[in-house]
Amino acid sequence: MAKIYTGRDGRLLIDDLEQIKVTNWSMSGSLEMLETTTLGDAQRSYTPGVQEFNGSATILYYNDGTGRNDAATALKKVLRISGVSDGDTVDMRLRLVEGTTKHDVRLTTYITSVSFGASVGEVSSAQISFQGTGALTEVTI
């Protein structure tokens with residue numbers, strides 16, 4: 001049977017914890033191509049270089065009643081008194097669910113930027129951007 005995925009099928013996990021209130025996520029991947037054309041060639045030629053993965057997500061600023069606030073946890077990866085170190089990576093899993101089947105892209109990332117605010121008539125949210133480091137650790141799409 002055909003399946004069209006929608007936002008209802010999307011999930012975002014940070015450090016294996018499914019985020020409570022996510023309104024969107026996106027990820028981009030790119031491959032740098034290195035030119036290998038030499039003098040005398042009639043056509044350009046290329047070889048693969050390095051890959052890059054990055055993305056963003058919007059998480060509602062939400063307290064679930066137990067003190068859990070996923071947006072605040074993500075914000076604290078960047079908004080801190082002390083600097084960010086090599087050990088401040090997060091395991092990011094972008095997921096589409098089809099019944100019990102999980103279609104994942106998993107990568108180690110740094111949260112590179114955050115923004116949040118409050119406006120009259122709107123739900124407060126936090127926008128995060130992330131940059132992958134190293135290779136993807138799982139792809140089941």
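Which residue in β5 is the bridge partner of Ile14? It is Met92, and that pairing is a handy way into this predicted model. Residues are numbered from 1 along each chain as its sequence is written, and side-chain values rest on heavy atoms, with hydrogens and water left out. Because the model is predicted, local features need pLDDT of at least 70 and side-chain atom pairs count only at pLDDT 80 or more, while totals for chains, interfaces and linings use all residues.

Taken as a whole, the chain has one helix and eight strands; these are DSSP runs numbered from the N terminus, with helices being H or I of at least four residues and strands being E of at least two. Read from the N terminus, the order is β-β-β-β-α-β-β-β-β. The radius of gyration is 19 Å, well over the 14 Å that the globule rule gives for 141 residues, so the chain is more spread out than a compact globule. That radius is taken over C-alpha atoms, and the rule is 2.2 Å times the number of residues to the power 0.38. Along the principal axes, the C-alpha atoms fill a box of roughly 70 × 50 × 30 Å.

Of the 141 residues, 26% count as buried, where buried means under 20% relative accessible area, exposed means over 50%, and partly exposed is in between (1.4 Å probe, protein chains only). About 9100 Å² of the chain is exposed, and carbon and sulfur atoms supply 52% of that area. Accessible areas come from the Shrake-Rupley method with a 1.4 Å probe, and for residues only the protein chains shown count as cover. As for contacts (heavy atoms within 4.5 Å), residues 24 or more positions apart account for 57% of those with a separation of 6 or more.

Back to the strands. Two strands pair if DSSP finds at least two bridges between them. Strand β1 (residues 10–14) runs antiparallel to strand β5 (residues 90–98), with five bridges between them. Leu13 sits opposite Arg93 in β5. On the β2 side, β1 has two bridges to residues 17–18, again antiparallel, and there Ile14 has Leu17 as its bridge partner. The β1–β2 hairpin has two residues between the strands, and Asp15 takes a positive phi near 50°.

Strand β5 also pairs with β6, antiparallel and over nine bridges. Here Met92 stands opposite Leu107. This hairpin, too, has two residues between its strands, and Gly99 in the turn has a positive phi of about 65°. Seven of the nine residues of β5 are buried, so the strand is mostly covered.

Arg11, in strand β1, is partly exposed, with a relative accessible area of 26%. Its C-alpha atom is separated by 5.0 Å from that of Arg95, although the two are 84 residues apart along the chain. Leaving aside neighbours within four places in sequence, Arg11 is in contact with Glu18, Trp25, Arg93, Leu94, Arg95 and Val97.

Now for the charges. Side chains of opposite charge can pair when their charged atoms come close. The whole structure holds 10 salt bridges, each a side-chain nitrogen of Lys or Arg within 4 Å of a carboxyl oxygen of Asp or Glu. One of them joins Arg93 and Asp16 (3.3 Å, N to O). Arg93 lies in β5 and Asp16 in the loop between β1 and β2, so this pair ties together parts that are 77 residues apart in sequence. Arg93 is buried, at 9% relative accessible area. Asp16 also meets Arg106 (3.7 Å, N to O). With Arg106 in strand β6 (residues 101–117), that pair ties together parts 90 residues apart in sequence. Arg106 is partly exposed, at 21% relative accessibility.

Another salt bridge links Arg44 and Glu35 (2.5 Å, N to O). Arg44 is exposed at 58% relative accessibility, whereas Glu35 is partly exposed at 43%. Elsewhere, salt bridges that share partners join Asp16, Asp91, Arg93, Arg95, Asp104, Arg106 and Glu138 into one network.

Finally, the surface has a nonpolar patch formed by Leu31, Met33 and Tyr46, with about 300 Å² of accessible area together. Patches take residues with over 30% relative accessible area and no salt bridge, joining like charges within 9 Å and nonpolar side chains (Val, Leu, Ile, Met, Phe, Trp, Tyr) within 5 Å. Tyr46 lies in strand β4 (residues 46–60) and is partly exposed, at 44% relative accessibility.
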